[in-house]
Amino acid sequence: MAAPDLRAEVDSLLLQLLQDLEELEAKRAALNSRVEEGWFSLSKARYAMGAKSVGPLQYASRMEPQVCVYISEAQDGLQKFWLVRPSAQTPEEVGPREAALRRRKGLTGTPEPESFPALQDPLNWFGILVPHSLRQAQASFREGLQLAADMASLQIRIDWGRSQLRGLQEKLKQLEPESA
Amino acid sequence: MLEGAEFYFNVDHGYLEGLVRGCKAGLLTQQDYINLVQCETLEDVKIHLQTTDYGNFLANQTNPLTVSKIDTEMRKKLCREFEYFRNHSLEPLSTFFTYMTCSYMIDNVILLMNGSLQKKSVKEILVKCHPLGRFTEMEAVNIAETPSDLFNAVLVETPLAPFFQDCMSENILDELNIELLHNKLYKSYLEAFYKFCKNHGDVTAEIMCPILEFEADRRAFIITLNSFGTELSKEDRETLYPTCGKLYPEGLCLLAQAEDFDQMRRVADHYGVYKPLFDAVGGGSGGKTLEDVFYEREVQMNVLAFNRQFHYGVFYAYTKLKEQEMRNIVWIAECISQRHRTKINSYIPIL
């Protein structure tokens with residue numbers, strides 16, 4: 001490959017890398033502030049509801065995830081992280097559904113016909129009538145989740161960019177002594 | 001009932017009134033709060049609290065100190081004082097104290113039931129229950145699956161039994177039904193407490209009835225506010241409002257139809273007591289929330305209760321003021337431990 005083309009490619013790669021780094025820093029700052037806001041809103045909820053009403057007593061030691069991470073590969077071989085909701089079980093799977101219902105209700109009665117166990121909103125662990133600050137906390141943490149996935153994808157891109165850059169710079173060094 | 005309380009009150013209750021007034025003098029002052037706000041770590045908070053009435057209450061705590069431990073120890077201290085009052089009381093003050101503990105008992109029952117939904121062990125939850133609401137049948141609460149079960153098997157011998165009239169049903173206790181049970185129990189309790197105070201008459205009724213009316217209306221407003229956007233229907237919501245407040249009956253009807261904060265505000269504007277409170281609510285995330293404004297008003301009323309003598313309201317007021325003080329300390333401690341000091345001054349000063 002000719003040296004000027006190579007140099008142009010190095011330049012554009014470097015610019016892309018720096019842009020990604022800037023975006024990563026911005027997202028990191030945003031994630032930190034979301035998480036901080038989330039915890040602070042939880043403190044406000046504790047003030048309104050009572051200190052023991054928002055704490056480890058309210059969540060089970062084993063939880064069903066509301067959001068899963070899904071990894072996909074793009075054309076250039078880079079992996080990207082997506083946040084997806086785990087899909088609800090199809091009605092044909094009667095076995096696990098019944099077991100799930102039994103665990104929740106503690107009865108051997110007939111399962112309800114209308115809905116299979118839809119994913120429960122974790123907000124309901126704290127009661128149905130929860131103060132606004134608790135909802136705000138949930139919203140902050142949700143935004144933080146999305147930012148975390150973006151940051152992971154960006155970091156993979158940055159690592160890839162750096163290795164590409166190193167490769168191109170090696171090639172340039174090899175070409176330079178020849179053209180010198 | 002007993003008119004002219006100033007003649008008879010001190011015979012049975014004078015010692016305890018003197019004691020509670022002494023305890024009230026030990027509440028944290030503005031200077032104490034200023035010192036606490038300047039602390040950098042929770043250890044500093046512990047050192048500052050040693051100079052107050054709290055003394056060495058955290059002395060036996062292992063490292064690291066957490067906000068939850070501070071809260072638990074403060075509650076234990078309040079419980080010790082309360083139990084001392086209760087053990088030395090005579091009727092009808094003893095019944096008054098029993099009424100006061102019922103609200104904590106209701107909270108503990110709900111905590112136990114929610115914990116059993118989350119498959120927590122009873123021992124784990126019992127440790128976190130409010131000590132003022134302890135009763136012997138507590139450990140059996142988690143076996144009940146319906147409200148009728150709960151009443152017949154567990155709570156029929158406790159002071160909570162009379163409050164179950166409107167709550168009996170065969171619905172399985174899931175989150176929504178537990179929430180409904182919680183609010184209905186509290187509504188019955190508040191109305192019964194109000195009736196007790198009103199029948200007692202005299203200065204106690206003059207002091208306690210407005211406080212309990214405010215509590216009832218505050219419940220109605222907060223239930224309405226928190227129910228926006230949930231699955232709770234308007235009819236269900238109306239059954240949860242306590243009826244011993246100023247809002248009964250027209251205000252409660254209007255409130256049941258409210259669909260957002262502004263409609264609630266318009267209901268409050270009809271009442272001279274509540275209009276200024278709603279006006280003080282700051283918009284958005286900056287200013288005061290409705291709960292903050294209500295807490296401030298509660299503190300005001302409780303402090304004024306000490307201006308009259310020869311009534312039981314001083315005991316109620318002292319307990320509530322102590323709780324606000326605990327909320328303040330926990331708030332300051334959380335701000336310090338999260339290093340988020342912008343709102344650290346949002347506590348409500350009492351003295």
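How are α5(B) and α8(B) oriented to each other, roughly parallel or roughly antiparallel? Let's start there and then walk outward through this predicted model.

The two helices in question are α5, covering residues 93–117 of chain B, and α8, covering residues 175–200 of chain B. Their axes come within 10 Å and cross at roughly 180°. Angles over 145 degrees count as roughly antiparallel, and α5(B) and α8(B) are therefore roughly antiparallel to each other. If you have the model open, you can follow the contact from the α5(B) side through residues including B:Thr95, B:Phe96, B:Tyr99, B:Ile106, B:Asp107, B:Ile110 and B:Leu117. Facing them from α8(B) are, among others, B:Glu175, B:Leu181, B:His182, B:Tyr186, B:Tyr189, B:Phe193 and B:Phe196. Sorted by class, this contact of α5(B) with α8(B) has 17 nonpolar, four polar and two charged residues.

Several names from that contact come up again in the aromatic residues of chain B. One aromatic cluster brings together B:Phe9, B:Phe96, B:Tyr99, B:Phe163, B:Tyr186, B:Tyr189, B:Phe193, B:Phe196, B:Phe310, B:Tyr312 and B:Tyr316. Among its members, B:Phe96 and B:Tyr99 belong to the α5(B) side of the helix contact, while B:Tyr186, B:Tyr189, B:Phe193 and B:Phe196 belong to the α8(B) side.

Another member, B:Phe310, deserves a pause. B:Phe310 sits in the loop between α14 (290–305) and α15 of chain B. Its phi is near 65°, a positive value in a residue other than glycine. Most residues other than glycine have a negative phi. Is B:Phe310 buried or exposed? The relative accessibility of B:Phe310 is 16%, and the cut-off for buried is under 20%, so B:Phe310 counts as buried.

Compare B:Lys119, another non-glycine residue with a positive phi, here about 60°. B:Lys119 is found in the loop between α5 and α6 (122–128) of chain B. With a relative accessible area of 54%, B:Lys119 is exposed.

While we are on the backbone, look for two cis peptide bonds in chain B. Most peptide bonds are trans. One cis bond joins B:Glu91 and B:Pro92, with omega about -10°, and B:Pro92 lies in the loop between α4 and α5 of chain B. Another joins B:Tyr248 and B:Pro249, with omega about -5°; B:Pro249 is in the loop between α10 (234–239) and α11 (250–257) of chain B.

Back to the rings. Over all chains, the count comes to 30 aromatic pairs. One of them is A:Phe40 with B:Trp331, a tilted pair at 5.3 Å centre to centre, with 55° between the planes. What makes this pair worth finding on screen is that it crosses between chains: A:Phe40 is in helix α1 (residues 3–49) of chain A, and B:Trp331 is in helix α15 (residues 313–337) of chain B. Both A:Phe40 and B:Trp331 are buried.

A second tilted pair, B:Phe261 and B:Phe278, has its centres 5.9 Å apart and its planes at 35°. B:Phe261 lies in helix α12 (residues 261–268) of chain B and B:Phe278 in helix α13 (residues 275–279) of chain B, so this pair ties together parts that are 17 residues apart in sequence. The partners have their own surroundings: B:Phe261 counts as partly exposed at 23% relative accessibility, whereas B:Phe278 is buried at 0%.

Lysines take part with rings too. A:Lys80 lies over the face of A:Trp82, at 4.9 Å from the ring centre. In chain B, B:Lys77 lies over the face of B:Tyr54, at 5.2 Å from the ring centre.

Chain A itself has three helices and two strands, arranged along the sequence as α-β-β-α-α. Of its 180 residues, 31% count as buried. Among chain A contacts between residues at least 6 apart in sequence, 64% join residues at least 24 apart.

Our last stop is B:Asn63, in the loop between α3 (42–50) and α4 (67–87) of chain B. B:Asn63 is exposed, at 65% relative accessible area. Leaving aside residues up to four places away in sequence, B:Asn63 touches B:Glu43 and B:Lys69. The C-alpha atoms of B:Asn63 and B:Met138 are separated by 30 Å, with their positions 75 residues apart along the chain.

Technical notes. Residues numbered from 1 in each chain as written. Chains lettered and ligands numbered in written order. Predicted model: local features only at pLDDT ≥ 70, side-chain atom pairs only at ≥ 80, totals over all residues. Heavy atoms only, no water. Phe/Tyr/Trp six-rings, centres within 6.5 Å; stacked < 30°, edge-to-face > 60°. Helix = DSSP H or I, 4+ residues; strand = E, 2+ residues; numbered from the N terminus. Buried < 20%, exposed > 50% of the residue type's maximum accessible area, 1.4 Å probe, protein only. Lys NZ or Arg CZ within 6 Å of the ring centre and 35° of its normal. Axes fitted to C-alpha atoms, helices over the stretch in contact; angles between N-to-C directions. Parallel < 35°, antiparallel > 145°, perpendicular 65-115°, else oblique. Contact = heavy atoms within 4.5 Å. Nonpolar A, V, L, I, M, F, W, Y, C, P; charged D, E, K, R; others polar.
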